[in-house]
Amino acid sequence: MNNGTDKWDWGAVSDFMPHFWDGLLITLQVLALGSLISFSVGLLWALAFRAPTRFVRWPVGILTEFIRNTPLLVQLFFLYFVLPEWDIQYSAMTTGTIAIGLHYSTYTAQVYRAGIEAVPVGQWEAAKALSLSYTRTWTAVILPQAVRRVIPALGNYVIAMLKDTPLLASIGVLELLQRSRLEAAQSFQYTEALTVVGVAFILIAYPSSLLLRALERRLVR
Amino acid sequence: MSADTNLTKEQQNPAVDGSELIRFDKVVKRFGSNTVLDELDFSVASGKHVTLIGPSGSGKTTILRLLMTLLKPDEGTIKVGGEYLTHEERNGKLVPAGEKHIREVRKNIGMVFQQFNLFPNMKVLRNITEAPVTVLGLSKDEAEQRARDLLDLVGLGDRCDAYPTQLSGGQQQRVAIARALAMRPQVLLLDEVTSALDPELVAGVLDVLRDIAHTTDITMLCVTHEMNFARDISDQVLMFDSGRVIESGPPEKIFTAPEHDRTREFLSAVL
């Protein structure tokens, strides 16, 4: 029990830190780009849910339910290992970012949908009474009000996405978890590297959720 | 508070001569099994101020919503300025109108709602300029000038940069009136515009409407429970019951010597 290898080794921590920063950079890149994808694609899904024709509504509904109800890990493997058989091949980083962004877009779509439905019907009627075009009704009246309402909920999904980024290690993206595994595999000091990574996640996620709650108080009145 | 003279001059109401501006022809509107309007016929002459009165559920608001195309009639036709509103003639036959046709006819109609329905994400000035710029194609300067004149008219010239939530209900409703007038409609529909207001704010809104009624030639169609207002601005009062006009006439007659028992009952209950 008390042999030396069980003791916390600050040396191992400092050896890991350069890799840690590299990994953090990758994690944050995936998070930022993944968020952008999920925010924009999710909005497209939400608009398609309300398309005037069911030939748009139904396929989009089925596709998004399919993505939302299958595990992200399976999607990652599928995109990374199966698509190349059809000559569609991207780097692990690109594939991973698209996969996580697409996966979360099906959640943000539901958030937008709720936000759009929460805009009072009187706003649609006023837009119609003023003869505003379809495009202006959406871009100038409905979406600004809907998006404002859903910003806190979107933020929650960014935090959830942060916690899912380690899944990208499974296809070899050198994000935080993968870095710590590689480092530990060489030094056999798993405790230090994994602990640093765990603490890093808390240090990012917890203040972010506090920030969100403050934002929520300001936006939702 | 003086009226914007431009409003009168540039209105270019093609027919202020008392010709027919709105015509309902055998209009039927049902909600489920409930027939709200039953083969309704009525017309409004251009430039007139007409008030619809009657008990709740008698179909008054439905008429305004049909005119604003927020509802579609189940049967019958509606004409505005000689044009079919929800139908168009194609090869001599009357067919349901396309969106483009409806938009064209609808531009002649403005509406003020019970709940104001201002756009909360826009400042007061942009609430008013949004449609003139994007629908009528006015330049930003023109639209803003028009909006400022109208805000002066409704007594809110100093609140251009406020957001709607920073205004009282009465002020919001006055902005909503300015917003509707900025499109220079031939017809202004007023749907219980004072019902959602605190009592002390009603007078300000009614003053503005009275001012507009007396200084412009805009045609007004009002649904209201404010009988004094109806008496004050209307040329004609229509008494509704069960989806039909049961009595109509100038306000002096309706309010002092109603012919129909239902009208007498209704008036004695609300006055």
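In this predicted model, helix H1 (residues 10–49) of chain A packs against helix H8 (residues 190–219) of chain A, with an angle of about 45° and axes that lie 10 Å apart. That angle makes H1(A) oblique to H8(A), and the crossing in which H1(A) passes H8(A) is right-handed. H1(A) contributes Ala12(A), Val13(A), Phe16(A), Phe20(A) and Leu24(A) to the contact, while H8(A) contributes Glu192(A), Ala193(A), Val196(A) and Ala200(A). Sorted by class, the contact of H1(A) with H8(A) has eight nonpolar residues, one charged residue and no polar ones.

In chain B, an open sheet of four strands follows the order S2-S1-S4-S5, and its pairing is antiparallel. Strands S2 and S5 of chain B form the edges, since each pairs on one side only. Strand S1 of chain B is joined to S2(B) by eight bridges, the two running antiparallel, and Val27(B) stands opposite Leu40(B) in S2(B). Helix H2 (residues 60–67) of chain B packs on this sheet, where it touches S1, S2 and S4 of chain B, and its direction makes about 115° with that of S1(B).

| Strand | Residues |
|---|---|
| S1(B) | 20–31 |
| S2(B) | 34–45 |
| S4(B) | 75–80 |
| S5(B) | 83–84 |

Elsewhere in chain B, Val237(B) lies in strand S11 (residues 236–241). Val237(B) counts as buried because it has 25 C-beta neighbours inside 10 Å. Leaving aside residues up to four places away in sequence, Val237(B) touches Thr51(B), Ile53(B), Ala230(B), Ser248(B), Gly249(B), Pro251(B) and Ile254(B). Phe255(B) is 18 residues from Val237(B) in sequence, and their C-alpha atoms are 9.1 Å apart in space.

Terms used
Residues are numbered from 1 along each chain as its sequence is written. Chains are lettered from A and ligands numbered from 1 in the order in which they are written. This is a predicted model: local features need pLDDT of at least 70, side-chain atom pairs count only at pLDDT 80 or more; totals for chains, interfaces and linings use all residues. Axes are lines fitted to C-alpha atoms, for helices over the stretch in contact, and angles run from 0 to 180 degrees between N-to-C directions. Angles under 35 degrees count as roughly parallel, over 145 as roughly antiparallel, 65 to 115 as roughly perpendicular and the rest as oblique. A crossing is left-handed if the near helix is turned anticlockwise from the far one by less than a right angle, and right-handed if clockwise. Two residues are in contact if their C-beta atoms, placed from the backbone, lie within 7 Å. Ala, Val, Leu, Ile, Met, Phe, Trp, Tyr, Cys and Pro count as nonpolar, Asp, Glu, Lys and Arg as charged, and the others, Gly among them, as polar. A residue is buried if 20 or more other C-beta atoms lie within 10 Å of its own, exposed if 12 or fewer, and partly exposed in between; C-beta atoms are placed from the backbone. Two strands pair if DSSP finds at least two bridges between them.
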